Amino acid sequence: MNALHRPRAILFDLDDTLWPIAPVIAEAETTLHAWLAAHAPKVAQAFSIEELRARRMALLAAEPDYHLDLARLRRAALQAAFEHVGEDVQHLDGAMQHFLTARNAVKPYDDVLPGLLHLADRVTLGAVTNGNADLEVIGIAHHFKVALAASRFGKAKPDPAIFLAACDALGVAPAETVYVGDDLRLDVEGAQKAGLRAVWMNRTGSTAHLEAGIVPDAICSSLEELIAWLEQQLED
């Protein structure tokens, strides 16, 4: 391998790559509904968790630009529900604060924290996400030199611009950068089209890449496997 193209940086997706997100969101929506029952009872009485979710998805379908900022989507859908039942919208801020606190109560996979520490000794680390994870709140922001979120950047994966902006912020070329993520289209295909190498973090043993016709530069089931792959690249 040309030394110029040895990895100098690794960019990570967050949700479902460094921690499972579905159970966290489910719990956050459950606790939010309980909060609404106490503070905005008209909304909680009129809409179940599932109905609020369906309204939110309908809003996203009608206005796809919301995919850039899922927190803004959730707030807009909640506001519409408040207004629909005549609930006091002054409670919207409290509802969103409650949800986002619960949404950031993630538990990294066991391999993540030791893996990040090990990787940081070899390459520069960054993060690129379409989600709402707050790395400061979660307590791992110090591991990443750069963290770009679609909601602030204005473009979301798989748009090449967000990958290239992260590379630029790290001071590395795309060819010197590896992106690690769980989503074949957003993460693997998106990063490769931007000129990065892409590692599919496949913790479940899925064969979805075969059906999708997407060929990751590597497939890893853990950060230990990612570290082993990286060591090979650095030795070549």
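This is a short tour of the structure, stop by stop, with what to select in the viewer.

The model is a predicted one. Residue numbers start from 1 along the chain.

**Stop 1: the sheet**

Show the strands. Six of them form an open sheet, and the pairing is parallel. Read across it in this order: β3-β2-β1-β4-β5-β6. Now pick out the edges. They are β3, residues 146-149, and β6, residues 218-220. Each of these two strands pairs on one side only. Turn the sheet to look along it. From one strand to the next, the twist averages 20°.

A word on pairing in general: strands of a sheet pair through backbone hydrogen bonds, and they may be parallel or antiparallel.

**Stop 2: strand β1**

Select residues 9-12. This is β1, and both of its faces are covered. A9 and L11 are buried on one side. I10 and F12 are buried on the other.

Which strands does β1 join? Add residues 124-129, strand β2: 4 bridges link it to β1, and the two run parallel. Then add residues 177-181, strand β4: again 4 bridges join it to β1, in parallel.

Zoom in on single residues. I10 stands opposite L125 in β2. L11 has a bridge partner in β2, which is G126. L11 also has one in β4, namely Y179.

**Stop 3: strand β2**

Stay with β2. Of its 6 residues, 5 are buried, and the strand is mostly covered. Look toward β3. The two strands run parallel, joined by 4 bridges. Center on G126: opposite it, in β3, stands V146.

**Stop 4: helices on the sheet**

Select residues 160-170, helix α9. This helix packs on the sheet and touches β1, β2, β3 and β4. Compare its direction with that of β3: the two make about 160°.

Next, select residues 223-235, helix α12. It lies across β1, β4, β5 and β6. Strand β5 is residues 197-201, and α12 runs at about 155° to it.

**Stop 5: helix α1**

Select residues 22-39 for α1. This helix has 18 residues. From its first C-alpha to its last it reaches 25 Å, close to the 26 Å expected at 1.5 Å a residue.

Show side chains. V24, A28, E29, L32, H33, W35 and L36 are buried. What covers these buried residues of α1? The cover includes α2 (41-46), α3 (49-62), α4 and α5.

**Stop 6: helix α5**

Move to residues 92-103, helix α5, with 12 residues. Its end C-alpha atoms are 16 Å apart, which agrees with the 16 Å that the helix should span at 1.5 Å a residue.

Which residues of α5 are buried? Highlight L92, A95, M96, F99 and R103. They cover an arc of only 95° around the axis, so they sit on the same side of α5. Rotate to the other side of α5, where Q97 and T101 are exposed. The buried residues of α5 pack against α1 and against α4, which is residues 70-85.

**Stop 7: a loop residue**

Find D65, in the loop between α3 and α4. Is D65 buried or exposed? Its relative accessibility is 59%, so D65 counts as exposed. Now add G154. Along the chain, D65 and G154 are 89 residues apart, yet their C-alpha atoms are separated by 9.9 Å.

**Stop 8: two cysteines**

Finish with the sulfurs. A disulfide is a covalent bond between the sulfur atoms of two cysteines. How many disulfides does the structure hold? The count is 0.

Select C167 and C220 to see why. The closest cysteine sulfur to that of C167 is in C220, 18 Å away, so the two are too far apart for a bond. The cut-off for a disulfide is within 2.5 Å.

Check the surroundings of each. C167 has a relative accessible area of 1% and is buried. C220 counts as buried too, at 3% relative accessibility.

Terms used: Predicted model: local features only at pLDDT ≥ 70, side-chain atom pairs only at ≥ 80, totals over all residues. Heavy atoms only, no water. Buried < 20%, exposed > 50% of the residue type's maximum accessible area, 1.4 Å probe, protein only. Expected span 1.5 Å × (residues − 1). Arc of directions from axis to C-beta. Contact = heavy atoms within 4.5 Å. Pairing = 2+ DSSP bridges. Axes fitted to C-alpha atoms, helices over the stretch in contact; angles between N-to-C directions.
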